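Trainee: Please take a close look at one part for me. I would like the empty space first, then whatever connects to it.

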Number of protein chains: 2
Amino acid sequence: MPATPSLLIRRIRPLGASPVDLLVQEGRIAALGPALDAPPGCAVEEGGGALLLPGLVEGHTHLDKTMWGLDWYRNEVGPRLIDRIENERAFRKVSGHDAAIQSLRLARAFLAEGTSRLRTHVDVDTEAGLRHLEGVLRTREAMRPVQQIQIVAFPQSGLLGRPGTAELLGQALEAGADVLGGLDPCAIDGDPVRSLDVLFGIAQRHGRPLDIHLHEPGAMGAFSLGLILDRTAALGFQGRVAISHGFCLGDLPEAEREALLARMAALRVVLITSAPAARSVPPLLECRRAGVTVLGGNDGIRDTWTPYGSPDMLERAMLIGLRYNLRRDDELAIALDCITAAGADGLGFEDYGLAPGRRADLVLVQARTVAEAVVARPVRQLVVAAGRIVARDGALLPGPWAA
Amino acid sequence: MPATPSLLIRRIRPLGASPVDLLVQEGRIAALGPALDAPPGCAVEEGGGALLLPGLVEGHTHLDKTMWGLDWYRNEVGPRLIDRIENERAFRKVSGHDAAIQSLRLARAFLAEGTSRLRTHVDVDTEAGLRHLEGVLRTREAMRPVQQIQIVAFPQSGLLGRPGTAELLGQALEAGADVLGGLDPCAIDGDPVRSLDVLFGIAQRHGRPLDIHLHEPGAMGAFSLGLILDRTAALGFQGRVAISHGFCLGDLPEAEREALLARMAALRVVLITSAPAARSVPPLLECRRAGVTVLGGNDGIRDTWTPYGSPDMLERAMLIGLRYNLRRDDELAIALDCITAAGADGLGFEDYGLAPGRRADLVLVQARTVAEAVVARPVRQLVVAAGRIVARDGALLPGPWAA
């Protein structure tokens, strides 16, 4: 791709502040201030007083699973987690589901809605091997100039139950996955100590961070979380472990929850939530007060698990707001934080934010305030990713990212 | 308004079934079937295989409160119900809030999204008197040819605490409100027996049905609900009482809940829910199994209470689906039912549905299935209300309803 041209965006309001101009050079924010001069040859874009948000951050999705853009999938799946896991594995065997095509479709849809950084979990199991990973690696490569994708090698069918999975996860990390995923060490693996020992062992050998999906409720989840924190401390994984879901934190007595949150904060373990309306969820404001970073993600979008979801992170912020009853403007800024700054911070995306020197990932919407952007989810007037204008009025522009 | 012209809509799929044509005459569905002939002078509309839904039904909103289309309201309100009530009353005193203009704005926005029947609660209190009601009565009159609006005279500030409220509610019913509203007889009125006796007394004298907002949780809510059911039985209000919210039904032990639901079913008391993500909610599927009609509503939209909400009932159906974890296609049909047939049935809107002879309230969307219509909330391709095309591609067409 050729070098990114300079771009001056006039009259935009960073997070709802007074209007400024913003200059992009070499893919980065070069200046931010009133009435900037356009350097020679610089493209000029009129912002029209739009609200400026930093590029949106998706913290937990499954690009490889989605059926975005395909025939409608008639969902007749049973209600248990294991029903969904087995149904999907069976479906993928016969459907010819193509993770390369599907992940690219959804990554592009995310980009059109302003998401320039995302973490996706990719199923690694003994039936599919690294097939899904290979597809998503192609998507990561195709999108790399404008969208940063972190790939988690994720044992969706469990780590211990199917011999060979641990080796496959290691191979996935060698092949290019960034992060090692884990899943319910009691409820799915049935042997929490051995499951977590194997998991942390792989992460240690490959020097990778962890993202563990913990659906286990109440006391069982708290028990597993305690085992995870023990290993985080003992093995030096401070700042390198994320807990996705963590439903148990919404079930526990206050004293037990506070003790776990204090340990998580001390070990810099982050929480990633889709804020599901039908489940217990970690208490967002209390987690933040305890010093635990909480960030947001969709989880699966339009797949065999769920018909819901949308590649619009502002909609996820709205659902976070609804789940946590965030009504005041200052509270809605927290919902936005979950899909912007806290997201980038918690996932380790560098070079992020609306400050000079940072990568120019920008989203313009017609909204008066951050709160309005969250509740109204306006069409993305302009999306800039790594300094390039990639989408306008909700649609991707022609370019390598849309090829 | 002149007589409605005949209209033939070709190739539409009622609730996802095989394509048919649909003939509208004199505001009603005249025929529904394959390859209908267009009568002379009949307008013909190509449906293009769109999914056909019946007109959407909003079961619980507050048209008089909304700030839709106004300056952004910065929400700094405290967290309790009473904080919201008092903040709003104070705000309305100084803001010049105009319930006529605002309710008309929002009613039109509902119509553009396909809602042709709705129930709205209108605040009646000793400070504003019947001022808000007068505004909403004007809106009801303006929209009558295409949108049926039920008005609930609602004591938002409580019935007992401010002497004169009971009389105002009676006057509101005389002035044109259809239904009498009630509110938390313990938590707000502080004297549940007297509160409910006064409330049912007004309803009896005026021969009106009731819609009681019951936010009270757990045992307190169950106690109030029991008192309501006692009076429903004793005073002959069978089939004439709605409980809005009913959060307590999500808190109770199973046996107690089942007993209440059995009484509600026997007395034909309906439940109206906004399916809030942050509260306990009545268990939807269990209520339906018990024979209790459950229907959906937004509650307030973009007002001093909440920045959330949208006049799109498909979005409310999605939120109902998310709250109740409805993922299968057959379950999503239930979410749709809450904002269509169950809504019309529970609120007593007659002449409803996709059958010959019924009022032609129709919504066309590009969706393959009902489930997709709920999760994707597509732009309304066409909205027909009482036989007239009132909106196309999400925008109201010119006409008396948009004047």
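Mentor: We start with a cavity and follow its neighbours outwards.

First, the ground rules. The model is predicted: local features need pLDDT of at least 70, side-chain atom pairs count only at pLDDT 80 or more, and totals for chains, interfaces and linings use all residues. Residues are numbered from 1 along each chain as its sequence is written, chains are lettered from A and ligands numbered from 1 in the order written, and side-chain values use heavy atoms, without hydrogens or water.

Rolling a probe the size of a water molecule over the atoms shows where empty space is left. Here a cavity is a set of points, on a 1 Å grid over the protein atoms alone, where a 1.4 Å probe fits but cannot get out; lining residues have an atom within 4 Å of a point. Points join across faces, edges and corners, and volume is the space filled by probe spheres set on them. The count is four cavities of 30 Å³ or more.

The largest cavity has a volume of about 90 Å³. Its lining includes Met67(A), Trp72(A), Tyr73(A), Arg302(A), Asp303(A) and, from chain B, Arg368(B). By class, five lining residues are nonpolar, three polar and four charged. (Nonpolar: Ala, Val, Leu, Ile, Met, Phe, Trp, Tyr, Cys, Pro; charged: Asp, Glu, Lys, Arg; polar: the others, Gly among them.)

Now follow the aromatic rings. Rings of Phe, Tyr and Trp (its six-membered ring) pair if their centres lie within 6.5 Å; planes under 30 degrees apart are stacked, over 60 edge-to-face, the rest tilted. There are four aromatic pairs over all chains. Tyr73(A) pairs edge-to-face with Phe91(A), at 5.1 Å centre to centre and 70 degrees between the planes. Tyr73(A) sits in the loop between strand 5 (56-61) and helix 1 (81-95) of chain A, and Phe91(A) in helix 1, so the pair ties together parts 18 residues apart in sequence. Helices (H or I, at least four residues) and strands (E, at least two) are DSSP runs, numbered from the N terminus. Tyr73(A) is buried, at 17% relative accessibility. (Buried is under 20% relative accessible area, exposed over 50%, partly exposed in between; 1.4 Å probe, protein chains only.)

Pro311(A) lies in the loop between strand 12 (294-296) and helix 9 (313-323) of chain A. Pro311(A) is buried too, with a relative accessible area of 3%. Its contacts (heavy atoms within 4.5 Å) include Trp68(A), Leu106(A), Phe110(A) and Thr115(A), leaving aside residues up to four places away in sequence. The C-alpha atoms of Pro311(A) and Thr115(A) are 8.2 Å apart, although 196 residues separate them along the chain.

Arg368(B) in the cavity lining brings in the other copy. Copies are superposed by least squares on the C-alpha atoms of residues with pLDDT of at least 70 in both. A rotation of 180 degrees, with 0.0 Å of shift along its axis, puts chain A on chain B (RMSD 0.0 Å). That is the relation of a two-fold axis. In chain A, the C-alpha of Ala277(A) is nearest the axis, 2.4 Å from it. Both copies use the same surface: 100% of the contact residues of chain A recur in chain B.

Conventions: On a 1 Å grid over the protein atoms alone, a cavity is a set of points where a 1.4 Å probe fits but cannot get out, and a pocket is an open set with protein on both sides within 12 Å along at least five of seven lines; lining residues have an atom within 4 Å of a point.
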